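Subject: Handover of a structure for your study

Dear colleague,

Please find below the sequence and the structure that I am handing over to you. My account of what was found in the structure follows.

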Amino acid sequence: MNYPTFKNAYPVVLMPIFLLILAGCQSTYYRTMEKFGYHKRDILVNRVTEARDSQEEAKEQFKSALDEFSSVVNIEGGSLKEKYTRLNAEYEKSNKKALLVSDRIASVENVAKALFDEWEAELSQYTNDRLRQNSQGKLTETKKQYGQLIDAMKRAEKKIDPVLLAFRDQVLYLKHNLNAQAIASLRGELVVIEEDVASLIREMEVSIDEADLFIRSMTEITLN
């Protein structure tokens, strides 16, 4: 008997189940943290801090990668293989930092959604109209500030890929063309990469500033 194969359908069928399990795990995590006195608001502030720090680290790494690339193409002499090895190492480190940035942003989005859903749902539990309106006002303001934050983070994140791809192109080209002509060819790309990295760093600095503002605003809400 020939049994049907579900090779192609397998991921599609399991995806809703996976998402339900993931949502359940997150809910369990939040409940457990609350038992220890850490509410979603606290977790959000912590994750925004981690996301900010990851962008700061990525910013410094991309600066380092640009410096290395500039050194490779502008300094005469030296082993071409060694130059390739150094440039590839910087690319690999940059790629890891980029993945961490994306992971941190996703974790911010997850807890923010959980926090805002809970906050919205609990508004209906108030019997005091003044307190409910006050809480609604704080929710609206917090969502506005969060929107500015996540937009800035996403803009910075989008700037990463073009820079990474450009670095990867240079590394691949050098890998298969270990000669002086290859170095000369890469030299012509330096200005474009410098502009892309400068643009990325500007967006990251805006995102980092937005994160600092959001963290301060959440602290003020807690104190009030």
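In what follows, contact means that heavy atoms lie within 4.5 Å. Please keep in mind throughout that this is a predicted model.

I begin with the overall picture. The protein chain has 6 helices and 0 strands, and its pattern along the sequence reads α-α-α-α-α-α. Of its 224 residues, 32% count as buried. Among the contacts with a separation of 6 or more, 81% are between residues 24 or more positions apart.

The interior comes next. The largest nonpolar core is made up of 52 residues, and Leu44, Val48 and Phe167 have the most contacts inside it. At least two residues of this core come from each of the helices H2 (40-74), H3 (80-122), H4 (129-176), H5 (180-187) and H6 (190-223).

Which residues does valine 48 contact, once its neighbours within four places in sequence are left aside? They are Val108, Leu149, Met153, Ala211, Phe214 and Ile215. One of these partners, valine 108, belongs to helix H3. Valine 108 has a relative accessibility of 0%; residues under 20% count as buried, and valine 108 is therefore buried. Beyond four places in sequence, valine 108 is in contact with Leu44, Arg47, Val48, Ala51, Tyr146 and Ile150. The C-alpha atoms of valine 108 and glutamate 50 are 9.0 Å apart, although their positions lie 58 residues apart along the chain.

Two further residues deserve a look. Valine 45 is part of helix H2. Not counting residues up to four places away in sequence, valine 45 touches Ile215 and Met218. Its C-alpha atom is separated by 8.4 Å from that of threonine 219, which is 174 residues away along the chain. Threonine 142, for its part, is located in helix H4. With a relative accessible area of 0%, threonine 142 is buried. A distance of 8.4 Å separates the C-alpha atoms of threonine 142 and phenylalanine 214, which are 72 residues apart along the chain.

I now turn to how the helices pack. Two packed helices are described by the angle between their axes and by the distance between those axes.

How are H2 and H3 arranged, roughly parallel or roughly antiparallel? Their axes are 8 Å apart and the packing angle is about 160 degrees. Angles over 145 degrees count as roughly antiparallel, and H2 and H3 are therefore roughly antiparallel to each other. Their crossing is left-handed. The residues in the contact of H2 with H3 comprise 18 nonpolar, 8 polar and 13 charged.

For H2 and H4, the axes come within 11 Å and cross at roughly 30 degrees. Because angles under 35 degrees count as roughly parallel, H2 is roughly parallel to H4. The crossing of H2 and H4 is left-handed. On the H2 side, the residues that meet H4 include Val48, Ala51, Arg52, Phe62 and Phe69. On the H4 side, Leu149, Met153, Ile160 and Phe167 are among those that meet H2. By class, the contact of H2 with H4 has 15 nonpolar, 2 polar and 1 charged residues.

When you open the model, I suggest starting from valine 48, with its contacts to Val108 and Leu149 among others.

Yours sincerely,
A colleague

How values were computed:
Residues numbered from 1 in each chain as written. Predicted model: local features only at pLDDT ≥ 70, side-chain atom pairs only at ≥ 80, totals over all residues. Heavy atoms only, no water. Core = buried A, V, L, I, M, F, W, Y, C linked by side-chain atoms within 4.5 Å. Buried < 20%, exposed > 50% of the residue type's maximum accessible area, 1.4 Å probe, protein only. Helix = DSSP H or I, 4+ residues; strand = E, 2+ residues; numbered from the N terminus. Axes fitted to C-alpha atoms, helices over the stretch in contact; angles between N-to-C directions. Parallel < 35°, antiparallel > 145°, perpendicular 65-115°, else oblique. Left-handed = near helix turned anticlockwise from the far one by under 90°. Nonpolar A, V, L, I, M, F, W, Y, C, P; charged D, E, K, R; others polar.
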